[in-house]
Amino acid sequence: MEHDVIILYLIAGVSFTFALFNCILFALKHGKTMKTNGMIVSIKSTNPTNEKWRNAKLAEVSYLVNGKRIVSKNRIQVSLTSEIGTHIPIRYDRNQPDKIYSYSVKRIIIGFLIGVGSILIAAFMQIH
């Protein structure tokens, strides 16, 4: 039981760190990015495409900035159901329009909720 509690506290630590990192990125880049809709033009999978467990899709995205078509230099993680041609909301750097960001308030909130949930479960397990 003590091993489970330690694992839960480790999960909480990682979740809070993830949320804090995304929060810092959001604070540093807030106001320096623009939101737009892009279209996936290229996808790479981190593992073979038929493997669903521990797999991720990284997409290169095309979007318009001031009437000019831009293709992102970096890739962002997208859902496993995404395909080439799928439209997705993105944020790009105003000063470097070909650089996109994947941080979001939703990720920050989910990270904090996972951390809080892990701590509550660990505390409950210690009491009982």
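## Strands, helices and aromatic pairs

Six bridges connect strand β1 (residues 33-45) with β2, and these two strands run antiparallel. One of the contacts can be picked out by name: serine 42 has glutamate 60 in β2 as its bridge partner. Before going further, please keep in mind that this is a predicted model.

### Around strand β2

Which strands besides β1 does β2 pair with? Strand β4 (residues 76-78) is one of them, joined to β2 by three bridges and running antiparallel to β2. Here lysine 57 stands opposite valine 78 in β4. Strand β3 (residues 68-71) is also joined to β2, by four bridges, and this pair runs antiparallel as well. Valine 65 has lysine 68 in β3 as its bridge partner.

How many residues lie between β2 and β3 in their hairpin? There are two, and asparagine 66 in the turn has a positive phi of about 50 degrees.

### Two aromatic pairs

Searching the whole structure turns up two aromatic pairs. In general, such a pair of rings is described by the distance of the centres and the angle of the planes. The table sets out both values for each pair.

| Pair | Centre to centre | Angle between planes | Arrangement |
|---|---|---|---|
| Phenylalanine 16 and phenylalanine 112 | 5.8 Å | 50 degrees | tilted |
| Tyrosine 63 and tyrosine 92 | 5.6 Å | 25 degrees | stacked |

The phenylalanine pair links distant parts of the chain: phenylalanine 16 sits in helix α1 and phenylalanine 112 in helix α2, 96 residues apart. Are these two rings buried or exposed? Phenylalanine 16 counts as partly exposed because its relative accessibility is 26%. Phenylalanine 112 is partly exposed too, with a relative accessible area of 34%.

The tyrosine pair also brings together distant parts of the chain, with tyrosine 63 in strand β2 (residues 57-65) and tyrosine 92 in strand β5 (residues 87-93), 29 residues apart. Tyrosine 63 counts as buried because its relative accessible area is 1%. Tyrosine 92 is buried as well, with a relative accessible area of 9%. The cut-off behind these words is simple: buried means under 20% relative accessible area.

### The two helical stretches

Now for the helices. The unreviewed UniProt entry places the feature "transmembrane region" at residues 6-28 and 108-127. What does the model show over residues 6-28? The chain there is 100% helix and 0% strand, and its end C-alpha atoms are 33 Å apart. Residues 108-127 are likewise 100% helix and 0% strand, with the end C-alpha atoms 29 Å apart.

A nonpolar patch on the surface is formed by Ile6, Ile7, Leu10, Ile11, Ile110 and Ile114, which together have about 500 Å² of accessible area. Which elements give two or more residues to this patch? They are α1 (2-29) and α2 (105-127). Helix α1 supplies the largest share, four residues.

One member of the patch, isoleucine 114, lies in helix α2. Isoleucine 114 counts as partly exposed because its relative accessibility is 42%.

### Looking back

To trace these features in the structure, you might start at β2, which is joined to β1 by six bridges and forms a hairpin with β3. Tyrosine 63 in β2 then leads to tyrosine 92 in β5. From there, turn to the helices, where phenylalanine 16 in α1 pairs with phenylalanine 112 in α2. The nonpolar patch also takes residues from α1 and α2.

Technical notes. Residues numbered from 1 in each chain as written. Predicted model: local features only at pLDDT ≥ 70, side-chain atom pairs only at ≥ 80, totals over all residues. Heavy atoms only, no water. UniProt positions renumbered as here; feature names shortened; annotations may be inferred. Patch = residues over 30% accessible without salt bridge, like charges linked within 9 Å, V, L, I, M, F, W, Y side chains within 5 Å. Areas by Shrake-Rupley, 256 points an atom, 1.4 Å probe, with all protein chains shown as cover. Salt bridge = Lys/Arg side-chain N within 4 Å of Asp/Glu carboxyl O. Buried < 20%, exposed > 50% of the residue type's maximum accessible area, 1.4 Å probe, protein only. Phe/Tyr/Trp six-rings, centres within 6.5 Å; stacked < 30°, edge-to-face > 60°. Pairing = 2+ DSSP bridges.
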